[in-house]
Amino acid sequence: ASAQMKLDGLYRGTTKSGDSFVALSSNYGTLTMGVAEYDTDTADQFGTFMGATILGGNVGDSERTADFASYGMTFGAVGVSIRHTEAAADIGLGKGAAGSSNQRENTIAVSYGAGPISVKADYSSFDNKTSGAGLDTRTTLGGNYDLGVVKLGLGFQSTKYAPQGTTLESFLGASIPLGALSIGVDYLNVKVSDTANDGTATGYGIQAKYNLSKRTDVRLRYASYDAAVNPANGKDSYTSLVLEHNF
């Protein structure tokens, strides 16, 4: 049996909770229940540094904070799991589907990891559509391959909406270790179709991370991305300098 409770932020008047769960493991698998924020977009699952969250208008962002219950088993290098997620407290899915924040989600996932290769595929179905509108299904396929001198990430995700509309994400990323310094690059393409906001948005990110010690690092990141799926809206950029210490 195991348990975790985290605090993500302490503010003047509030405290923000983090991922919390209880789990029971045996030879027959692991049952987990709790509340967590998890990323379902391709860049966060298989990527490195840009993160789809900064692509204009949350086009590629699909973070959820919600109660969940999951059950998973491993068979050597293969993992199989099912997961039920309750209505999300926060969700950004670009198209702003009506009622999407109140939808429950059921997911089945298969993963494989051995040596330098890791692969994942999952399929999700959503219920509780409001007036027939909202998320319908989501399919994800991607993975990473570690060549030693560089680690590559590749992912694809198709999200279908009711009564119509799709969003297709394609992601390619690379991480290059150079001793205490590591460099990451990634590229994301998001194509939205069958809606009033039809179009394609692209973006790329570059990050340099330097380890000052075992627990402290400094990161410099730059990203350029379309402000929205409509190219006429132009591009935005994002620059950040972060000093991080792990206690």
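Among contacts in the protein chain between residues at least 6 apart in sequence, what percentage join residues at least 24 apart? In this predicted model, the value is 45%. The chain contains 16 strands and one helix. Of its 247 residues, 36% count as buried. The accessible surface amounts to about 13,500 Å², and carbon and sulfur atoms account for 57% of that area.

A nonpolar patch with about 1,000 Å² of accessible area is present on the surface. Its members are Phe 75, Val 78, Val 80, Val 110, Tyr 112, Ile 117, Val 119, Leu 141, Tyr 145, Leu 147, Val 149 and Leu 152. Two or more residues of the patch come from each of the strands β7 (78–85), β8 (105–114), β9 (117–126) and β10 (134–146). Val 149, one of the patch residues, is placed in the loop between β10 and β11 (151–162). Val 149 has a relative accessibility of 62% and therefore counts as exposed.

Strand β11 also contains Thr 159. This threonine is buried, its relative accessible area being 6%. Leaving aside residues up to four places away in sequence, Thr 159 is in contact with Leu 135, Thr 137, Arg 138, Gly 165, Thr 166 and Thr 167.

The largest pocket encloses about 420 Å³ of space. Its lining is made up of 25 residues, and those nearest the centre are Ser 81, Arg 83, Thr 107, Ala 109 and Lys 120. The elements that supply two or more residues to this lining are β5 (29–39), β6 (63–75), β7, β8, β9 and β10. Lys 120 also takes part in a salt bridge with Asp 122, with an N to O distance of 3.6 Å. Of this pair, Lys 120 is partly exposed at 29% relative accessible area, whereas Asp 122 is buried at 10%.

Five salt bridges occur in the structure. A network of these interactions links Asp 217, Arg 219 and Glu 244. Within this network, the closest N and O atoms of Arg 219 and Asp 217 are 3.0 Å apart, and the side chains of Glu 244 and Arg 219 meet at 2.9 Å, N to O. Because Glu 244 belongs to strand β16 (residues 235–245) and Arg 219 to strand β15 (residues 216–226), their pairing ties together parts that are 25 residues apart in sequence. Arg 219 is partly exposed, with a relative accessibility of 24%, and Glu 244 is likewise partly exposed, with a relative accessible area of 28%. Asp 217, by contrast, is buried, with a relative accessible area of 4%.

Methods
Residues are numbered from 1 along each chain as its sequence is written. This is a predicted model: local features need pLDDT of at least 70, side-chain atom pairs count only at pLDDT 80 or more; totals for chains, interfaces and linings use all residues. Side-chain values use heavy atoms; hydrogens and water are left out. Patches are made of residues with over 30% relative accessible area and no salt bridge: like charges are joined within 9 Å, nonpolar side chains (Val, Leu, Ile, Met, Phe, Trp, Tyr) within 5 Å. Accessible areas come from the Shrake-Rupley method with a 1.4 Å probe; for residues, only the protein chains shown count as cover. A salt bridge is a side-chain nitrogen of Lys or Arg within 4 Å of a carboxyl oxygen of Asp or Glu. Helices (H or I, at least four residues) and strands (E, at least two) are DSSP runs, numbered from the N terminus. Buried means under 20% relative accessible area, exposed over 50%, partly exposed in between (1.4 Å probe, protein chains only). Contact means heavy atoms within 4.5 Å. On a 1 Å grid over the protein atoms alone, a cavity is a set of points where a 1.4 Å probe fits but cannot get out, and a pocket is an open set with protein on both sides within 12 Å along at least five of seven lines; lining residues have an atom within 4 Å of a point. Grid points are joined across faces, edges and corners, and a volume is the space filled by probe spheres set on the points.
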